[in-house]
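The following exercises are to be worked with the sequence and the coordinates at hand. Each task is followed by a solution in steps.

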There are 2 protein chains.
Amino acid sequence: MNMELSGRRKPTPEKSQLAPEDDHELEPSLGIGLNAAIVAVSDNEPVALVVRGDPDSIGATDVLPFGPFNPREHRTLESGLRAWVQDQTGLDLGYAEQLYTFADRGRHATPGDVAPNYVSIGYLALTQAVGHHGLTNGLWRSWYQYFPWEDWRRGRPEIIARDIEPRLKAWAEKPTPTTSTQHSIARGDRARICFGLDGTAWDEEKVLERFELLYEAGLADEAARDGRNGAEEWTDRPKLGLPMQADHRRILATAISRTRAKIKYRPVVFELMPDEFTLYELQKTVEAILGPHLHKQNFRRLVEGAGLVEPTGEVKTRTGGRPAKLFRFRREVLLERPAPGVRVSAPPSRS
Amino acid sequence: MNMELSGRRKPTPEKSQLAPEDDHELEPSLGIGLNAAIVAVSDNEPVALVVRGDPDSIGATDVLPFGPFNPREHRTLESGLRAWVQDQTGLDLGYAEQLYTFADRGRHATPGDVAPNYVSIGYLALTQAVGHHGLTNGLWRSWYQYFPWEDWRRGRPEIIARDIEPRLKAWAEKPTPTTSTQHSIARGDRARICFGLDGTAWDEEKVLERFELLYEAGLADEAARDGRNGAEEWTDRPKLGLPMQADHRRILATAISRTRAKIKYRPVVFELMPDEFTLYELQKTVEAILGPHLHKQNFRRLVEGAGLVEPTGEVKTRTGGRPAKLFRFRREVLLERPAPGVRVSAPPSRS
DNA sequence: CCATATATGCTCGAAACGAGCATATTCGGG
DNA sequence: CCCGAATATGCTCGTTTCGAGCATATATGG
């Protein structure tokens, strides 16, 4: 057993396309960070679990639950993630899926660092909204605090026209660096497509693209922190959402993108719901995630027609009107249809 | 308030540039492997670029182009991948996207190893079919050689009913290990849903799920190689596709899943096409990827209606009948619609 | 010059979608 | 007790999209 332990320490000796010490210089010790974007919906507000936030202080930015992957202790990446989350917040994760692995140079909080010590693996977890009880640490914060331009529930957010559009247009005017490749899209076009400028349709799934654009344009606080070339000065600059530590806001953006996309073709909303719910509560949860308001009667038709829910027989009163039937998720659909989901249809676009 | 976290926070550069062994026991030197599933379509056959294959020898299994990520040399994960591919095959990658990061214990080729030294990041690359010229190394091999059960172009593959179904049924009979969690799906149901048994619809996107199921059931050669509990003996066993080194077949399965899914909602087919093509050639390429035959006239209507292509004005003769108009991809759609793609409609199912 | 094969255009019924009208129940206040 | 407001739920209807097939155009090969 100890043989195994000692043998495992070094890369497999034989053949060694894998062994780095051969024809390359010494490989730096790479750490792998596991990061959890844990999402819930509480009072029709989509929230993420963050650990160390202080909205008023500029030094102490929020951070997602995270920790290094240690293959000794963790059988899989996901189990490692669960352990860290349990450890740091007390939360026992349910549904979780891997998002993306990031390792870009200079996207961590250590200025002057040329090479990342860490590769970040982001995970998305969906859970029911639990109160602050059940948590040993951390707090739920609306994800729109980090991404105010994503909140279209009350129409187009003002921050786009007021703070984002003019500065992106200015950025688009500057000459694009020569790094642009053959088929790359011009800055102005990217801004227009990402943020739905000049009458272009808004695509609620492009959360990550939008954040990356703001970062590249130097408009996200993290860009200045990372010492990014061209970042606007810290002073006299309207804050575009709360920043986070390291690349955690990028991971959260990826999580929102994935959630918004997946909610439309897999029954993942139900991970966010209590066991019993009314169809309107379900709709409100979907709307909290996606933004635009849906047509109530058609939403009902779709959800019921897809066999995603079944009535419990009970009703919920005190809704302000006629009592609403309670439903529960029909887990059996997972065994019936190959790819069930909550399709979504929007009312007349209010761009 | 966050003292309890300080021990687990990302190590600061001062203390850990090269010394991870602080508050945890010795952290093993983790390597990060970049792996490329490079896909093309050649003569209506979907192919992947593999490096060291010998279909007849059992010892020398195929391997995807890969190499370790070195943050000193590589600015990003993707640029590292491109460098390795260039190095190993001579191919200059075009379109590439990240797939998934794998690190499960025991899924590498070193038996007896309890913890992985390597974390594998898989990438999907799409490219035009280039002949063996332009390659310094490696060869294109049909992806259906690794996954024969995925080839539905000539109806349901016989291998499912003959070699897969009976053995999966037998596996489903065995008691499920206690590791099954609350909402986990029974073995029999998983087999039925994955492989479309007992009249269940076939979902061509579940390529990874199917391979993982075969692996878990011990029916993939890799399972025996990894010393997996319950794997069938090597002898007297029909081969279920060519195995690959390490977890490369799993990465290729992920690549096929992603390709099949993405081709339906993003214009990625055109990465596989020459500059000019007929609509039927486009259709044949889609069919090579997805399997079932499409309705020719409707496919044409969809593609043209979506503004994805424009006629070049030229025609292609010697098609065996009336000459076919040549088209080219309209790159401008990327600037117009937020999420263009080749939607696909299938003729009456021939399950 | 015709048979054949493929390319392309068009139509038609079915299903899905988007929007709005109508009815059912409850609650709170005269 | 009745009425109006508010919400839940049911249904209709025109439009669009989808699935399928028929019809026509234009090559090639004998």
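The exercises below treat a helix, the domains, a nonpolar core and two single residues.

The model is predicted, so local features need pLDDT of at least 70 and side-chain atom pairs count only at pLDDT 80 or more, whereas totals for chains, interfaces and linings use all residues. Residues are numbered from 1 along each chain as its sequence is written, and chains are lettered from A and ligands numbered from 1 in the order in which they are written.

**Exercise 1.** Determine whether the length of helix H3 (residues 158-173) of chain A agrees or disagrees with the expected span.

Step 1. Helices (H or I, at least four residues) and strands (E, at least two) are DSSP runs, numbered from the N terminus. The expected span is 1.5 Å times one less than the number of residues.
Step 2. H3 of chain A has 16 residues and should therefore span 22 Å; its end C-alpha atoms are 23 Å apart, which agrees.
Step 3. H3(A) nevertheless bends by about 40 degrees at A:Ile164, with the proline A:Pro166 following within four residues. The bend is the angle between axes fitted to the seven residues ending at a residue and the seven starting there.
Step 4. A:Ile164 is also one of the buried residues of H3(A), together with A:Leu168 and A:Trp171. Buried means 20 or more other C-beta atoms within 10 Å of the residue's own, exposed 12 or fewer, and partly exposed in between, with C-beta atoms placed from the backbone.
Step 5. Helix H4 (187-195) of chain A is included in what covers these residues.

**Exercise 2.** Identify the residues that touch the most other members of the largest nonpolar core.

Step 1. Such a core joins buried Ala, Val, Leu, Ile, Met, Phe, Trp, Tyr and Cys residues through C-beta atoms within 7 Å.
Step 2. The largest has 162 residues, and A:Ala37, A:Leu252, B:Ala37 and B:Leu252 touch the most other members.
Step 3. Beyond four places in sequence, the contacts of B:Ala37 (C-beta atoms, placed from the backbone, within 7 Å) include B:Ala48, B:Leu64, B:Tyr123 and B:Leu252.

**Exercise 3.** Classify B:Arg318 and B:Gly188 as buried, partly exposed or exposed.

Step 1. B:Arg318 lies in the loop between strands E7 (309-316) and E8 (324-329) of chain B. B:Arg318 counts as exposed because it has 7 C-beta neighbours inside 10 Å.
Step 2. B:Gly188 belongs to helix H5 (residues 187-195) of chain B. With 16 other C-beta atoms within 10 Å, B:Gly188 is partly exposed.

**Exercise 4.** State which domains are assigned to chain A.

Step 1. An automatic or database assignment gives domain 1 (2-144), domain 2 (147-177 + 186-241) and domain 3 (274-336).
Step 2. Five residues of domain 1 are in contact with five residues of domain 3.

Definitions and conventions. Two residues are in contact if their C-beta atoms, placed from the backbone, lie within 7 Å.
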